[in-house]
Amino acid sequence: MALKHAVLAALLDGEYSGYQLAKAFDVGVANFWHALPQQLYAELTRLEGEGLVAGRQVVQETRPNKRLFHVTDEGLAELERFAAAASRPSFIRDDLLVKVQAVDRVDAAPVIAQLTERARMAAAKVEIFEQLLVRLRGGLDEAEFLAHGARIGPYLTCLRGLGFERETRDWCERITGVLRNRSGAPQHP
């Protein structure tokens with residue numbers, strides 16, 4: 001997947017400025033695709049050049065003018081091609097896991113501290129995803145929303161993000177406990 005597909009998918013909900021797109025990424029898309037605001041602005045320029053998005057200037061009297069972008073028919077066709085293409089399996093590439101792998105031969109204290117911090121960050125994201133899911137449902141219960149909601153794609157990706165963050169939090173807490181319990185016991189090579 002290229003950044004362009006994530007941007008096109010994020011723009012399916014309507015017109016966004018680059019700033020609004022960055023905020024949308026922070027809230028929803030970031031659970032499966034990370035991009036810095038500068039990357040998003042550059043990608044919008046590329047996509048507009050390719051005809052996959054169109055932008056329009058909005059004149060603002062009390063603020064600088066802004067450009068709003070939306071997906072074109074060509075952009076929808078690109079998303080259609082992307083959706084039909086086979087996806088590669090995902091994989092984990094995480095430096096914290098390398099540290100845990102080596103914990104038998106290195107000082108465990110900094111690894112425990114990093115696991116604790118990762119668990120805290122994941123717990124905070126769990127709360128954000130739970131709130132976002134409630135907002136996306138708009139007063140419907142989950143079963144009703146999944147059966148009849150107007151646009152469920154963002155909801156489904158948030159469910160995946162929620163599951164990922166819960167599992168990350170739980171794993172980090174468990175491994176922290178294991179390492180703390182072992183810290184007084186003799187270590188075996």
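Here are some friendly notes on the helix packing and nonpolar cores of this predicted model.

1. **Helix α1 and its surroundings.** A good place to start is helix α1, which spans residues 3–10. Six of its eight residues are buried, so this helix is largely enclosed by the rest of the structure. The buried residues are L3, H5, A6, V7, L8 and A10, if you would like to pick them out in your viewer.

2. **How α1 meets α4.** The partner to look at next is helix α4, residues 73–84, whose axis lies 10 Å from that of α1. The two helices pack at an angle of about 120°. Angles from 65 to 115 degrees count as roughly perpendicular and those over 145 as roughly antiparallel, and α1 and α4 are therefore oblique to each other. Their crossing is left-handed.

3. **Residues at that contact.** On the α1 side you will find K4, H5, L8 and A9, which meet G75, E78, L79 and F82 of α4. Sorted by class, this contact has four nonpolar, two polar and two charged residues. H5 and L8 take part in the contact and are also among the buried residues of α1.

4. **The largest nonpolar core.** This core has 19 residues, and the members that touch the most others are V7, L8, L11, L21, F25 and L40. At least two residues come from each of α1, α2 (18–27), α3 (37–49) and β2 (66–71). The largest share, five residues, is supplied by α1. Another core, of 10 residues, lies apart from this one and includes L96, V100, I175 and L179. As general background, nonpolar side chains tend to be buried together in soluble globular proteins.

5. **The α6 and α8 pair.** Helix α6 covers residues 108–137 and helix α8 covers residues 153–182. Their axes come within 8 Å and cross at roughly 155°, and α6 and α8 are therefore roughly antiparallel to each other. The crossing of α6 with α8 is left-handed. By class, their contact has 20 nonpolar, four polar and nine charged residues.

6. **A buried glutamate.** Which residue of α8 deserves a separate look? I would choose E165, which lies in that helix. Its relative accessible area is 9%, and E165 is buried, given that the cut-off for buried is under 20%. Leaving aside neighbours within four places in sequence, E165 is in contact with A122, K125, V126 and F129.

Key
Residues are numbered from 1 along each chain as its sequence is written. This is a predicted model: local features need pLDDT of at least 70, side-chain atom pairs count only at pLDDT 80 or more; totals for chains, interfaces and linings use all residues. Side-chain values use heavy atoms; hydrogens and water are left out. Buried means under 20% relative accessible area, exposed over 50%, partly exposed in between (1.4 Å probe, protein chains only). Helices (H or I, at least four residues) and strands (E, at least two) are DSSP runs, numbered from the N terminus. Axes are lines fitted to C-alpha atoms, for helices over the stretch in contact, and angles run from 0 to 180 degrees between N-to-C directions. Angles under 35 degrees count as roughly parallel, over 145 as roughly antiparallel, 65 to 115 as roughly perpendicular and the rest as oblique. A crossing is left-handed if the near helix is turned anticlockwise from the far one by less than a right angle, and right-handed if clockwise. Contact means heavy atoms within 4.5 Å. Ala, Val, Leu, Ile, Met, Phe, Trp, Tyr, Cys and Pro count as nonpolar, Asp, Glu, Lys and Arg as charged, and the others, Gly among them, as polar. A nonpolar core is a set of buried Ala, Val, Leu, Ile, Met, Phe, Trp, Tyr and Cys residues joined through side-chain atoms within 4.5 Å.
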